[in-house]
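Me: Hi! I have a chain open on my screen and I'd love to talk it through with you. Could you help me find my way around?

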Amino acid sequence: MSSEGGKGQSKIHALAYLKAVKNAFKDKREKYNYFLEFMKDYEDRRIDTERVVAKVMELFKEHTDLMLGFNTFLPAEYRIKFPVKVEFPPKRVRGGSGNAIKFVKKVKARFRCNQPAYRYFISTMLMLEAGKMYINEAYHQIMIIFEGHADLLHDFLSFFPRNSVAAASA
């Protein structure tokens, strides 16, 4: 199903992702340009999806958040897999963390008229914390829940160190 609203949201998401890549490589412009170059090659069908994924994994090997974000543009069979589960630093996620509590309250307020989405968010977070879900699975679910709420997605990612999970080696 493709509606104009859906296309608009996808374009906004793609532009936000490009901005995140550009920010990650603000001091390494050549890496950002390389990313744009191979994405153009893909768009022009000079390289296939497998090659793009390999290039993304190599370029973003120290930027797990960017790999996770790239997954949202890929068909399920090409998504980048992460072999280890996230281990949360206790101070950042457990009850003593003011930032985590503040974030959950922000999500609850945002979804006050959509309680199923809020409950789905809480369920996803509990499964992730209990080690019953991999970070890439949780991220994909959170992307769906937070569609149209880029600030919430950004805040969600801030709870994870850049290298909180290791990418599977090729």
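Me: Let's start with one residue. Which helix is N33 in?
Reply: N33 sits in helix α2. Do keep in mind that this is a predicted model.

Me: Okay! Is N33 buried, partly exposed or exposed?
Reply: N33 counts as partly exposed, because its relative accessibility is 37%.

Me: And how far is N33 from K22?
Reply: Their C-alpha atoms are separated by 8.9 Å, and the two residues are eleven places apart along the chain.

Me: Let me zoom out. How many helices and strands are there?
Reply: The chain has nine helices and zero strands. Reading along the sequence, you get α-α-α-α-α-α-α-α-α.

Me: How much of the chain is buried?
Reply: Of its 170 residues, 34% count as buried.

Me: What about contacts between residues that are far apart in sequence?
Reply: Take the contacts between residues at least 6 apart in sequence: 59% of them join residues at least 24 apart.

Me: Back to α2. How does α2 pack with α3?
Reply: Their angle is about 170°, and the axes are 10 Å apart. Angles over 145 degrees count as roughly antiparallel, so α2 and α3 are roughly antiparallel to each other.

Me: Which residues make that contact?
Reply: From α2 there are K31, Y34, F35, F38, M39 and Y42, and from α3 there are T49, V52, K55, V56 and L59. By class, the contact of α2 with α3 has eight nonpolar residues, one polar and two charged.

Me: I notice the α2 list has Y34, F35 and F38 in it. Why might residues three or four places apart point the same way?
Reply: An α-helix has 3.6 residues a turn, so residues with that spacing point the same way.

Me: Where is R45?
Reply: R45 is in the loop between α2 (29-43) and α3 (49-59). R45 counts as exposed because its relative accessibility is 77%.

Me: What is phi for R45?
Reply: Phi is near 65°, a positive value in a residue other than glycine. For context, most residues other than glycine have a negative phi.

Me: New topic: the largest nonpolar core. Which residues touch the most other members?
Reply: Those are F103, V107, F111, F121, I142, F146 and F156, out of 22 residues in that core. The elements giving two or more residues to this core are α6 (98-110), α7 (115-129), α8 (135-145) and α9 (150-157). The largest share, six residues, comes from α8.

Me: What does F111 touch?
Reply: Leaving out residues up to four places away in sequence, F111 touches A117, Y118, I145, F146, H149 and L152. There is also a second, separate core of 18 residues, which includes V21, F25, I47 and M67.

Me: You mentioned α8. Is α8 mostly covered or mostly uncovered?
Reply: Mostly covered, with eight of its eleven residues buried. Among the buried ones are I135, N136, A138 and Y139.

Me: How do α8 and α9 pack?
Reply: They pack at about 155°, with their axes 9 Å apart. The pair is therefore roughly antiparallel, and α8 passes α9 in a right-handed crossing.

Me: Last one: which residues meet there?
Reply: On the α8 side they are Y139, I142 and M143, and these meet L153, F156 and L157 of α9. The contact of α8 with α9 has six nonpolar residues, no polar and no charged ones.

Technical notes
Residues are numbered from 1 along each chain as its sequence is written. This is a predicted model: local features need pLDDT of at least 70, side-chain atom pairs count only at pLDDT 80 or more; totals for chains, interfaces and linings use all residues. Side-chain values use heavy atoms; hydrogens and water are left out. A nonpolar core is a set of buried Ala, Val, Leu, Ile, Met, Phe, Trp, Tyr and Cys residues joined through side-chain atoms within 4.5 Å. Buried means under 20% relative accessible area, exposed over 50%, partly exposed in between (1.4 Å probe, protein chains only). Helices (H or I, at least four residues) and strands (E, at least two) are DSSP runs, numbered from the N terminus. Contact means heavy atoms within 4.5 Å. Axes are lines fitted to C-alpha atoms, for helices over the stretch in contact, and angles run from 0 to 180 degrees between N-to-C directions. Angles under 35 degrees count as roughly parallel, over 145 as roughly antiparallel, 65 to 115 as roughly perpendicular and the rest as oblique. Ala, Val, Leu, Ile, Met, Phe, Trp, Tyr, Cys and Pro count as nonpolar, Asp, Glu, Lys and Arg as charged, and the others, Gly among them, as polar. A crossing is left-handed if the near helix is turned anticlockwise from the far one by less than a right angle, and right-handed if clockwise.
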